[in-house]
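Reader: I am new to this structure and should be grateful for a close look at a single part of it. Please begin with the cysteines and then follow the interior wherever it leads, in one connected account.

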Amino acid sequence: MSGSRASEPEFTFELRVCRWAERHWEPARPDSCVLVARQLGVRRRRWDTIVLECDPDGLERRSLFGPERLNSDLLHVVRHAPREWTYYRDALPDPGYPWRYVREAVHAAAERDVVESRKRGNRIELRRHWRYPDWVRRVVAIENKPDLDASAARVLADQIERDVALSLADEVWVATHATGDAVEPALLERLPVEAGILAFTGPDEDRHPEVVWHSSSLDSTVPGTRILDRPDGGTHDQSAARFEYVDPDWKAEKRLEIAERAYERGWRAYADTMRPDCRHFELRDPAGPLPWCAAKGHHPTDRECSGSCPEFSPEPPAWRTNGWPIEGGPGTAVKELLDRQRRRRRE
């Protein structure tokens, strides 16, 4: 493997993995469709790549609720909104927090037109437009480590063990670069046996990776274990690991919240943190776009592509006016292209 591939930034590798998953991921059920997002998770854990295996009809019905995500408060309203006008306290289950916040969520849902609400006397009533669908079948988490050396593997092993114990995802994978060795180094590291390993080869990640180790299916419907602390393993460390059990209902809610965020964001939102308005910014392969810096001759990272970059050169004002050559300038066109691609995947 060449040095340039070995030193590929994790950000670029992550985008390549997302592109590959979107094009080639094979769901557990052949009638499922795939939705890919990146950098999502819960408060204690953020996954690099998320693959949602979705029910096609459910995904289509989800589009009725708009392209923006439904947060936990809105989900509480739309998932339990009744068919007929009903007082909201009678229609919705006890949320476990003050009802005034539920009332605010009902108003917010009505403003987004995902439910109807009305006031009769001093009582706020609501009814649904559509039943919220069961559109997510499976959640797959992929951790991307292009250069899995020993120190990186030790840190990663701890993270993956926590993912497996919590079982918030149905599968957990590690994606890395293939080294060409007879035995891939990832197999020699202390990764949990439940985690799968994908080794990518070739000039780009559109090629199918080698499945070095198959993942095990995790049961997301049973209680999970959240590891809070563990001994460091030193000679004099006799402390016990600390953990807590996680209720399946909590896991189900968090999975749906993650899915909603993935539905809104996808994996092409990287342009929001980069500078596509730079004259050197390009997209390579519009069907699965990756950012390219013409000045530096490589794929930039999101931190590298910023206003502080010494090569940053804003688009000339003439590019953004009078509709020439593209209305709003190439930077605007890049964002519109990525947004169209994102909408197409949702639809």
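**Cysteines, core and sheets**

Author: A search of the whole structure, which is a predicted model, finds 0 disulfides. A disulfide is, in general, a covalent bond between the sulfur atoms of two cysteines. Cys54 illustrates the result: the closest cysteine sulfur to its own belongs to Cys33, at 4.9 Å, which is too far for a bond, since a disulfide requires the two sulfur atoms to lie within 2.5 Å. Cys54 is nevertheless an interior residue, for its relative accessibility of 0% counts as buried. Cys18 is likewise buried, with a relative accessible area of 0%.

From Cys54 one may pass directly to Trp135. Setting aside neighbours within four places in sequence, Trp135 is in contact with Leu35, Leu52, Glu53, Cys54, Asp55, Gly58, Leu59, Arg62, Leu256, Ala259, Glu260 and Tyr263. Trp135 has 0% relative accessibility and therefore counts as buried.

What, then, is the setting of this tryptophan? The largest nonpolar core comprises 42 residues, and Leu52 and Trp135 are those with the most contacts inside it. At least two residues of this core come from each of strand 1, strand 2, helix 4 (72–78), helix 5 (88–91), helix 6 (99–111), strand 5 (123–128), strand 6 and helix 9. Apart from this core lies another, of 29 residues, which includes Trp20, Leu198, Tyr270 and Leu283.

Several of the contributing elements belong to an open sheet of 6 strands, arranged in the order 1-2-6-7-8-9 with mixed pairing. Strand 1 (33–42) and strand 9 (210–213) stand at its edges; each has a single partner strand, so one side of each is left without a neighbour in the sheet. From one strand to the next, the twist averages 30°. Strands of a sheet pair, in general, through backbone hydrogen bonds, either parallel or antiparallel. Within this sheet, strand 6 (residues 136–144) and strand 7 (residues 171–177) pair in the parallel sense over 5 bridges, and Ile142 stands opposite Trp173 in strand 7. Trp173 also takes part in a cluster in which ring pairs link Phe13, Trp20, Trp25, Trp173 and Phe200.

Helix 9 (residues 248–265) lies across strand 1, strand 2 (45–54) and strand 6, and runs at about 110° to strand 1.

A further sheet deserves attention, as strand 5 has been named among the contributors to the largest core. This open sheet consists of 3 strands in the order 3-5-4, with antiparallel pairing. Its edges are strand 3 (86–87) and strand 4 (115–120), each with a single partner strand, so one side of each is left without a neighbour in the sheet. Strand 3 and strand 5 pair in the antiparallel sense over 2 bridges; there, Thr86 stands opposite Leu126 in strand 5. Helix 6 lies across strand 4 and strand 5, running at about 120° to strand 4.

The aromatic residues complete the picture of the interior. A pair of aromatic rings is described by the distance of the centres and the angle of the planes. The structure holds 11 aromatic pairs. One of them joins Tyr87 and Tyr88 in an edge-to-face arrangement, with 5.4 Å centre to centre and 75° between the planes. Both partners are shielded: Tyr87 counts as buried at 19% relative accessibility, and Tyr88 counts as buried at 3%. Trp135 returns here, forming with Tyr263 an aromatic pair that is edge-to-face, at 5.7 Å centre to centre and 70° between the planes. This pair links distant parts of the chain, for Trp135 is in the loop between strand 5 and strand 6 and Tyr263 is in helix 9, 128 residues apart. Tyr263 is buried, with a relative accessible area of 3%.

Another meeting of separated parts of the chain involves Pro9, found in the loop between helix 1 (3–6) and helix 2 (10–24). Pro9 is partly exposed, with a relative accessible area of 31%. Its C-alpha atom is separated by 8.9 Å from that of His299, although the two residues are 290 residues apart along the chain.

These details may finally be set against the whole. The protein has 11 helices and 13 strands, and buried residues make up 45% of its 347 residues. Of the contacts between residues at least 6 apart in sequence, 66% join residues at least 24 apart.

Note on methods
Residues are numbered from 1 along each chain as its sequence is written. This is a predicted model: local features need pLDDT of at least 70, side-chain atom pairs count only at pLDDT 80 or more; totals for chains, interfaces and linings use all residues. Side-chain values use heavy atoms; hydrogens and water are left out. Two strands pair if DSSP finds at least two bridges between them. Helices (H or I, at least four residues) and strands (E, at least two) are DSSP runs, numbered from the N terminus. Axes are lines fitted to C-alpha atoms, for helices over the stretch in contact, and angles run from 0 to 180 degrees between N-to-C directions. Contact means heavy atoms within 4.5 Å. A nonpolar core is a set of buried Ala, Val, Leu, Ile, Met, Phe, Trp, Tyr and Cys residues joined through side-chain atoms within 4.5 Å. Buried means under 20% relative accessible area, exposed over 50%, partly exposed in between (1.4 Å probe, protein chains only). Rings of Phe, Tyr and Trp (its six-membered ring) pair if their centres lie within 6.5 Å; planes under 30 degrees apart count as stacked, over 60 as edge-to-face and the rest as tilted.
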